[in-house]
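Subject: Structure handover

Hello,

Here is the structure I promised to pass on. Please open it beside this message, and my notes follow below.

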Amino acid sequence: MTREIILQARGLKKYYGRGETQVRALDGVDLDIERSKFTAIIGTSGSGKSTLLNMLGGLDTPSAGSIKVGNTELASLNSEQATIFRRKQIGFVFQNYNLVPVLNVWENIIFPISLDGRKPDKKFILQIVSLLGLEKKLESLPGSLSGGQQQRVAIARALASKPSIILADEPTGNLDSKTSDDVIGLLKMTSQEFDQTIVMITHNPEIAAMADRVIRIEDGQIVMQ
């Protein structure tokens, strides 16, 4: 069976500052991510994993190297094109949820789609909502939800626009161990159900062990993959 690479990084570098104070957040990363797989990137604080995730999602630009999503080279896109590309192709799940406090759960889920002026696929989104157990919370504001429920809303929002890739930044960092296991289980289940590629960063080896593949990064370089 042929491996299909959906996300590719070559010679990726991100340097801050110059001379003796220079910080090499990424120092020459080569990486292939396979379509429809759940990949965990693990490393200690300051290892470069968050920087790598931001680069892969086009939220930051590298000092050197290239990133390819499908057949698209991110560097070939201008700022506006990159924003539209991210909204359509990449879903983000953040540690602090990033929900809009004045919008209810349903409005938060469809928010990125409405930014593009697109019509949400209601049937598909209700399927996600059901899978994540949010049916009774659609009219609730984020402030009335538990941390686990808010993270489920963030996952639903990331999945709703049918992106080919989900990038998750420490999605269980603010959750207890039971809720963490539930959230990772849901991520795995939804990736299989909707054939989506997930790349998740974590500092927790037990969480990483639930992924199909584990990559370790230290001092801005991949040391295991």
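Start with helix α6 in this predicted model. Its buried residues are T179, S180, V183, I184, L186, L187, T190, S191 and F194. Look down the axis of α6 and these buried residues fall within an arc of 155°, so they line one face of the helix. The other side of α6 is where S177, K178 and Q192 are exposed.

What do the buried residues of α6 pack against? Their partners are two strands and three helices by name: β3 (38–42) and β8 (197–202), then α4 (122–131), α5 (147–160) and α7 (205–208).

The length of α6 can be checked too. The helix covers residues 177–194, which is 18 residues. At 1.5 Å a residue it should span 26 Å, and its end C-alpha atoms are 26 Å apart, so the two agree.

Both ends of α6 deserve a look. D176 caps the N-terminal end, with a side-chain oxygen 3.2 Å from the backbone nitrogen of K178. Just after the helix comes D195, which takes a positive phi of about 55°.

One residue of α6 to pick out is S180. Is S180 buried or exposed? Its relative accessibility is 6%, and buried means under 20%, so S180 counts as buried. Leaving aside residues up to four places away in sequence, S180 touches T172, L175 and I207.

Next, helix α2, which runs over residues 79–89. Its buried residues are A82, F85 and R86. Seen down the axis of α2, they fall within an arc of 100°, so they line one face of this helix. The buried residues of α2 pack against strands β4 (64–69), β5 (72–73) and β6. At the start of α2, N78 makes a polar contact: one of its side-chain oxygens comes to within 3.1 Å of the backbone nitrogen of E80.

Now the loop between β6 (90–93) and α3 (105–115), where Y97 lies. N98 is found in this loop as well. Y97 has a phi near 70°, a positive value in a residue other than glycine. N98 also has a positive phi, near 55°, and is likewise not a glycine. How do they stand in terms of exposure? Y97 is buried, with a relative accessible area of 10%. N98 has a relative accessibility of 39%, so it counts as partly exposed, a class that lies between 20% and 50%.

Last, the protein as a whole. It has 7 helices and 10 strands. Its radius of gyration is 17 Å, close to the 17 Å that the globule rule gives for 225 residues, so the protein is as compact as a globular protein of that length. Along the principal axes, the C-alpha atoms fill a box of roughly 55 × 45 × 40 Å.

Three more totals round this off. Of the 225 residues, 45% are buried. Among contacts with a separation of 6 or more, 72% come from residues 24 or more positions apart. The accessible surface comes to about 11200 Å², and 47% of that belongs to carbon and sulfur atoms.

If you want a place to begin, take α6 and follow its buried residues out to β3, α4, α5, β8 and α7.

Best wishes

Conventions. Residues numbered from 1 in each chain as written. Predicted model: local features only at pLDDT ≥ 70, side-chain atom pairs only at ≥ 80, totals over all residues. Heavy atoms only, no water. Helix = DSSP H or I, 4+ residues; strand = E, 2+ residues; numbered from the N terminus. Expected span 1.5 Å × (residues − 1). Buried < 20%, exposed > 50% of the residue type's maximum accessible area, 1.4 Å probe, protein only. Arc of directions from axis to C-beta. Contact = heavy atoms within 4.5 Å. Polar contact = N/O pair within 3.5 Å; in protein donor to acceptor, adjacent residues only side chain to side chain. Rg over C-alpha atoms; globule rule 2.2 N^0.38 Å. Areas by Shrake-Rupley, 256 points an atom, 1.4 Å probe, with all protein chains shown as cover.
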